[in-house]
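Student: I've got this one open on my screen and I'd like to go through it with you. Can we take it piece by piece?

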Amino acid sequence: MLNDPRTVRITGDDTAAVFRRADDAEAEKNAARRPDEHRGKPIPEAYVWCNLTSGNGSRALWLLLLPFMVVNLAHWMRPTVSDNRRAAVRLYGLIVRLVGLTLTVLLVAAVCEVALDLAAWQCAGTRSCAGEHSWLGFLSPAVSESGWWSQPGRRLALASLVPAALTGLLWYLSHRTWHAYESQQPMERETEPEEESSRAGLGRPGFWYGRRLVARLRVAHTAAGLLTVAAAVGTAASRHDREPGGPAALEVLGRLLDATFVVGAAVVLWVVCRRGRSEHRLDRHLDAALVRWLPIGSLALLALTLVYAGWSRPGWRSGHRLPGDTTFGTIALVECLLVIALGVVAHVLYRSHPDPRTAMRGLAGPAVAMLACALGGVMSGGVSQRVADWLDGTGGTIEGPPVLLTWQASVIPPLLLVLLALVGWLARRTVLLRRTETAAVELAYGNQPKDEATTRRIASIRAMASLTDRAPRIIGITSVVTLILGGLALAGAMATGETPGRAADGTYAVVRGAAETAQALGSWLIGVGFILFVTWGRRAYKDRTARRTIGILWDVGTFWPRAAHPFAPPCYAERAVPDLTWRIAGWTGDTGGRLVLSGHSQGSVLAAAAAWQLKPSVRKRVALLTYGSPLERLYGRWFPAHFGPAALSGLHRDVDCWRNLYRATDPIGGPMRLPGDCGPQVDHEALEDPLAYGRTAEHPLPAPILGHSDYQADPAFAEEREKLLARLRPDVPAPRPCGEPEEPRGHRSDPPPE
């Protein structure tokens, strides 16, 4: 970034820091001692934040939290609204938080299915299965000759430590990563009069500090996980105690525990629904009593349940499977209803402020929430199916996972057929776009000798780069098909109580064959998918290059604060944005200087977020240079409430000047498309890529197609940077209104640091 091998860290730590060239380390002091020698020399600095998303090997474990991250994205995808729709905005956030809560319950329920039902209940309760797995022998009545741990309640109590430990691990990771990433407080400042009415969402004082909400959600989700474990153990024991001839005291205690589970669930729902984000102020308040006592109460209830389940019941035997179909069916039904309700609210919000550039007409949030639920279902089903196959061995020793999970796996082949059709549509669209781009390339390089292979190569890359703009249609169709197939799987499981293959017995041969094929293929695909997922995570844990590839996914997914799910990967921007604002505000305040804030790709998003957090008087001393920027192409379309046309136009008015560079071959970056005269003032015309069409004296070897990288290699980058430095003269002018022509400016005598 600094184009110099000798760099020094000016401020920061091993996670994120500001660097300078070694020769510029004492630039301010040297300028004070020898002003004539250093006048007119920019001082470049580099903020390095890559370790926030692709640091040590533990980042690979974040793949397991992928559904939580995706549902958190849905919170920020709401459409742009006017002030009179605040109630609908709060309802939108509430529904997304409830979807996130169901994902936590689904994850813990899946681990309960594996540990309690498949291992402790079915396998340990069957002689043949327990005999094949010696580590379960002490839990088996037949193998251990009715040992102390062989009673079903005690087996369940012991196995429940696995999902309880997972819940505790999630709580610990959420708490630890908050201290490592998100505990950096934004700079405190008084609100200036001119920003009261025009403040963008990302410019609010409390936007990058959500300690209170994250703490509330953390304890609520932890309590929900512990209650799920307690309910899985307690309801199995209370169901046995309600049978005729059981001890009356245990029956009464079981009913009291069941009622306590309901009360605990109501408390968790109240905590999740009671409060949303507080962005208009820096909220340092912490609900200490709630944060302390809700997890302790849940742990106490779990401990009491384990004692109750472990009470001696000599006549209790484990048979068939635990009633997991009811649990997973209820979760699936609630998720479908919440996604539909979220779609209705998003549609109402979009109609109040329609924007044709908004992805999926405002329904991106519900679509992404549906994909998060599907990811959670696939991961849950994959774990259950693989463990069941491993325990079952040659087959027939245990009944296996709930029927609903088999139905959900069976709808994967039809979903893949839809995805294959979409891939075919994209391929056809690419061919058509390549023909159009071929003419554009010939026109752009018309003064050079034609080369069909070079023209075809450039046109193909341009066509493939434009496929990014087709993502809303792909995700929309996938989400709708997933919702329909998930509903059909739920209906089939509830109506028949059998797997698809058995449910199709007695029907037409073609129907029975299709059902059996879908069931077998779906079970195989979900198992292979789970293995590939684990393999990818293991490779990322060991390989830094693979970890950086995953880091690209985290760039977008973890940019946003944890507003819907506390167990999502941590938000790196809650560390990076305060870093930048403290550095910019501190440096301009100490030196009275001006600066060019330049950013590439996701760095341009951080640059814009940092600029919004500055005081207007400081923002006027800043010029923006963005290149390969997804600010409008991705963030403006998918997150319109915070990066829509109004927000970006306001940023252009507030900073001194803003220039944006992009290429037609870039699949990520694009123009800002600001309305009116703002667009040409911000967007440079698309840069030529490659820089040379064929072999020339300046480029004797074929020039590469750079796409999203190496914007500094284009001469336009240095030209635009020099223009911005020249514009920032000592008497910084007021921001130019949108559409007003630029006033003539002389060259600066003392360009500021960059």
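Tutor: Sure, and keep in mind that the model is predicted. Let's begin with Thr430: leaving aside neighbours within four places in sequence, Thr430 is in contact with Ala463, Met464 and Leu467.

Student: Which helix holds Thr430, and is Thr430 buried or exposed?

Tutor: Thr430 is found in helix α15, residues 412–444. Buried means under 20% relative accessible area. Thr430 has 17% relative accessibility, so the label is buried.

Student: Over to Gly476. How far is Gly476 from Leu371 in space, C-alpha to C-alpha?

Tutor: Gly476 is found in helix α17, residues 471–496, and is buried, with a relative accessible area of 12%. Gly476 and Leu371 are 105 residues apart in sequence. In space, C-alpha to C-alpha, the distance is 9.8 Å.

Student: Which residues have the most contacts inside the largest nonpolar core?

Tutor: That core has 144 residues, and its largest share, 17 residues, comes from helix α5 (residues 86–123). Apart from it lies another core, of 14 residues, with Val596 and Tyr627 among them. Inside the largest one, the residues with the most contacts are Phe559, Trp560, Phe643 and Trp658.

Student: What does Trp658 touch, not counting residues up to four places away in sequence?

Tutor: Trp658 is one of the residues with the most contacts inside the largest core. With those sequence neighbours not counted, what Trp658 touches is Leu624, Thr626, Leu631, Leu648, Leu651, His652, Met672, Leu674, Gln681 and Val682.

Student: Now the three-strand open sheet. Why is one side of β1 and of β3 left without a neighbour?

Tutor: The order is β1-β2-β3, with antiparallel pairing. Strand β2 (residues 17–21) pairs with β3 over four bridges, and Ala17 stands opposite Val48 in β3. β1 (7–12) and β3 (45–48) each leave one side free in the sheet because they stand at the edges, each with a single partner strand.

Student: Which helix lies across β1, β2 and β3?

Tutor: Neighbouring strands of that sheet are turned by 30 degrees against each other on average, direction ignored. The helix across them runs at about 160 degrees to β3. It's residues 573–591, helix α21.

Student: How does the end-to-end distance of α28 agree with the span expected for 13 residues?

Tutor: At the start of α28 (residues 715–727), a side-chain oxygen of Asp714 reaches to within 2.9 Å of the backbone nitrogen of Ala716. At 1.5 Å a residue, the helix should span 18 Å. That agrees with the distance between its end C-alpha atoms, 19 Å.

Student: What covers the buried residues of α28?

Tutor: The buried residues include Ala716, Phe717, Leu724 and Leu725, along with Glu720 and Arg721. Ala716 and Phe717 are also among the members of the 14-residue core. The cover includes β4 (595–600), β5 (622–627) and β6 (657–661).

Student: Which residues does the cis peptide bond join?

Tutor: Most peptide bonds are trans. Here omega is about 5 degrees, and the proline lies in the loop between α27 (678–682) and α28. The bond joins Asp689 and Pro690.

Student: What is the phi of Met360, and what is the phi of Ser601?

Tutor: Most residues other than glycine have a negative phi. Met360, in the loop between α12 and α13, and Ser601, in the loop between β4 and α22, are both non-glycine residues with a positive phi. For Met360 the value is about 60 degrees; for Ser601 it is near 55 degrees.

Definitions and conventions: Residues numbered from 1 in each chain as written. Predicted model: local features only at pLDDT ≥ 70, side-chain atom pairs only at ≥ 80, totals over all residues. Heavy atoms only, no water. Core = buried A, V, L, I, M, F, W, Y, C linked by side-chain atoms within 4.5 Å. Buried < 20%, exposed > 50% of the residue type's maximum accessible area, 1.4 Å probe, protein only. Helix = DSSP H or I, 4+ residues; strand = E, 2+ residues; numbered from the N terminus. Contact = heavy atoms within 4.5 Å. Pairing = 2+ DSSP bridges. Axes fitted to C-alpha atoms, helices over the stretch in contact; angles between N-to-C directions. Expected span 1.5 Å × (residues − 1). Polar contact = N/O pair within 3.5 Å; in protein donor to acceptor, adjacent residues only side chain to side chain.
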